[in-house]
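Here are some remarks for a colleague who is going through this entry, set out as numbered points. Please read them alongside the structure shown below.

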Amino acid sequence: MINKRLIGMVSDSKKEVFRNVAFQWAALAANIAMILAIARFLALLAAGQPASLGVTLLVAFAAAVIRFFCARQATLCGYRASRGVKQTLRRTIFEKLLRLGPGYSAQVSTSEIVQVTVEGVEQLETYFSSYLPQFFYSMLAPVTLFCVLAPISLKAALILLVCVPLIPVSIALVQTFAKKLLARYWGQYTALGDSFLENLQGLTTLKIYQSDAEKHRQMNEEAERFRRITMKVLTMQLNSITIMDLVAYGGAALGIIVAASQFAAGTIGLFGCFAIVMLSAEFFLPMRLLGSYFHIAMNGMAASDKIFKLLDLPEPAPQAGRIDPSDCSIRCTGLRFGYEPEREILHGVDIQLPQTGLVALVGASGCGKSTLAGLLSGRISGYEGSITIGGQELSRISAASLMESITTVGFSARLFKGTVRENLLLAAPGASDSQLWRVLEQVKLADFLRSQQGLDTLLAEKAANLSGGQCQRLALARALLHDSPIYIFDEATSNIDVESENHIMALVHQLAQTKCVLLISHRLANVTAAGRIYALDKGNVAGCGTHGQLLEHCPAYRELWDSQQALEHYNAKEEVFA
C-alpha cells in the first residue's frame with residue numbers, strides 16, 4: 001500500500017508525515033509512563049507500602065498534557081502534509097495538460113481530468129494525512145510496547161507481538177479483491193461523470209428534440225450500476241473491519257488471560273499484571289486504526305493510478321520551429337485526416353492562404369471545415385500530407401509559436417467568469433486600459449460597457465449575462481488584442497443578431513488588409529467579397545475561385561448558394577406578410 005512514485009513526487013510532505021509519526025510515538029510514551037505510574041501506585045498500595053498519590057496524579061496530568069499537545073501537533077502535521085500534496089499534484093496535472101497542448105482532449109476527457117484533479121486528489125489528501133502516518137506508527141508502536149513489557153513478562157509480550165501481524169494478514173487477504181473492486185468503482189464513477197457532464201451541457205438540445213426522457217433513463221441505469229458497485233465496496237470494507245476487530249480484541253484478550261494466569265501463579269506481581277492488562281490493547285489499537293484506513297488507502301491507490309495514467313500520456317515531441325511573422329502564408333498539400341482510421345474526413349485537400357488577404361472556406365455541414373481549422377491551428381494533430389506555414393512544416397513548429405501566431409475565434413468562444421478587463425488581458429497581459437477601450441470601440445461594445453461598470457463589468461459563468469452577439473464581439477475584441485499574424489474565424493457569426501454579424505464581418509474584412517485571414521462560414525452571403533473561396537464537398541475541394549467563378553464552374557457551390565438564397569427570400573416574404 002506504499003507507492004514509491006507517489007511519495008517521491010511530494011518530498012516536502014514526507015517530512016510532515018514523519019513528524020506526525022514522531023508526535024504519535026511521543027504520545028504513546030506519555031501514555032506508557034502514566035499507566036506504569038498508576039500500576040506502581042496500586043502495587044505499593046496493595047503491598048501496604050507508602051504510595052504517593054500526588055506524584056501519581058502529577059505524572060498522569062503531565063502525560064495528559066503531553067498527549068494533548070502531541071495529538072494537536074500530529075493533526076497539524078497531517079494538515080500540512082495534505083496541503084502540500086494537493087498543491088503539488090494539482091500543479092503537476094496542470095503542467096502536464098500544458099505540455100499536452102490544446103489537443104489534450106483527444107487523449108482524455110475533460111470530465112475525467114476534473115474528477116481526477118478534484119476527487120482523486122482529495123482521496124490522496126486523506127491518504128497522506130491519515131493513512132501513511134498511521135502505517136509507520138503501527139509498525140513502531142508494537143515494538144515499543146514489546147520493549148516495555150518484555151522485562152515484565154516475555155511470554156505475554158511475545159504473544160501480543162506475534163498476534164499483531166494477524167491484522168495486516170487479514171488486510172492482505174482482501175487486498176487483491178478490493179483493488180479490482182475499487183478499479184471498477186473508479187471506472188464507473190468516471191463513466192457516470194462523463195454522462196452527467198455531457199447531458200448537462202446538452203440539456204437544451206435534449207429538451208428541444210424531446211430526448212430528455214431517454215437520457216434520463218440511461219442516467220438512471222448508470223447511477224444504479226454505480227450504486228451497486230458502491231454497496232459492494234462498503235460491504236467489503238465492513239467485512240474487513242469485522243475481521244480486524246476479531247483479531248485485535250481477541251489478541252488483547254489472549255494477552256490479558258496470560259497476564260492473569262501468570263499473576264495467579266505468582267510469576268508476576270500486581271504491577272506487571274496491571275501494566276500488561278492496560279497496555280495489551282495498545283498493541284492492537286494502532287494496527288486496528290490502520291485497518292479502518294484501509295479503504296482510504298485503496299481509494300488513494302486507485303486515484304493515484306488514474307493520476308499516473310494521465311501523467312503518463314504520451315506528449316507531443318517538443319519542436320523548436322518558430323513562425324516568422326514576415327512570412328505567414330499557409331499551404332496544405334494532399335492533406336488527409338480522420339478521427340478514426342476507418343473513417344477519413346479530409347481526402348487530399350489542397351489550399352493556399354496568402355500572407356495577407358481574406359480566404360473563405362465554405363461547404364455543407366459535416367464536410368470537414370472545422371476539422372481543417374483545428375488542423376491549421378494545431379489543436380488537432382495526426383494528419384497525413386503537408387501543412388506548411390511560411391515554408392515550415394506545421395508539425396515541426398512549437399506549440400508556443402502556433403499559439404502566438406494563430407488566433408481562432410469560434411462560434412462559441414470561451415469567456416470566463418470575472419471582469420471584462422480580466423478576460424481581455426488574457427490576450428495581452430501588459431495592455432493598458434486605453435488599449436482595451438480601443439478594441440472595444442472597434443467591436444462597438446464600448447458604449448454598452450460604459451453604461452455598466454466599464455472594464456470592471458462582471459461576467460457570469462460563460463458570460464451568461466451577455467447576449468450572444470455581445471459575447472462574440474467581446475471574444476473578437478480579445479482576438480484583436482492578441483494581434484497575431486494569422487486569424488481563423490470558424491463560424492464566428494453563427495447564431496447571433498444581424499447587427500452584431502455585420503459589425504464582425506466589417507472587422508474581418510478590415511483585418512484581412514494586414515493579416516492572413518481564413519473565414520469559415522455557413523452563410524455564403526458573408527464570403528462573396530473574399531479574394532479566394534474554397535468550396536468543400538464531403539472532404540474534397542470541389543472548387544476554388546471568386547464568388548462569381550464558383551457560381552459559374554462549381555455545381556456544389558452554386559447549389560448551396562441557390563438553396564440559401566431561396567430560404568432567405570422566403571423568410572423575407574414571411575416578414576412582409578407578417
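1. In what order do the 4 strands of the open sheet come? In this model, which is predicted, the order is E2-E1-E4-E5, and the pairing is antiparallel. Strand E2, covering 346-353, and strand E5, covering 392-393, are the edge strands, each of them pairing on one side only.

2. On the E5 side of the sheet, strand E4, made up of residues 384-389, pairs with E5 in the antiparallel sense, and 2 bridges join them. Within this pairing, threonine 388 has glutamate 393 of E5 as its bridge partner.

3. Helix H11, which spans residues 369-377, packs on the sheet and touches E2, E4 and strand E1 (330-337). The direction of helix H11 makes an angle of about 120° with that of E1.

4. Turning to single residues, serine 304 lies in helix H10, which runs over residues 294-311. Serine 304 counts as buried because its relative accessibility is 0%, and buried here means a value under 20%. Leaving aside residues up to four places away in sequence, serine 304 is in contact with Asn3, Leu6 and Leu124.

5. Is glutamine 262, a residue of helix H8 (residues 212-264), buried or exposed? Glutamine 262 has a relative accessibility of 12% and therefore counts as buried. With residues up to four places away in sequence again not counted, glutamine 262 touches Ser153, Lys155 and Ala156, and also Thr267 and Ile268.

Notes. Residues numbered from 1 in each chain as written. Predicted model: local features only at pLDDT ≥ 70, side-chain atom pairs only at ≥ 80, totals over all residues. Heavy atoms only, no water. Pairing = 2+ DSSP bridges. Contact = heavy atoms within 4.5 Å. Axes fitted to C-alpha atoms, helices over the stretch in contact; angles between N-to-C directions. Buried < 20%, exposed > 50% of the residue type's maximum accessible area, 1.4 Å probe, protein only.
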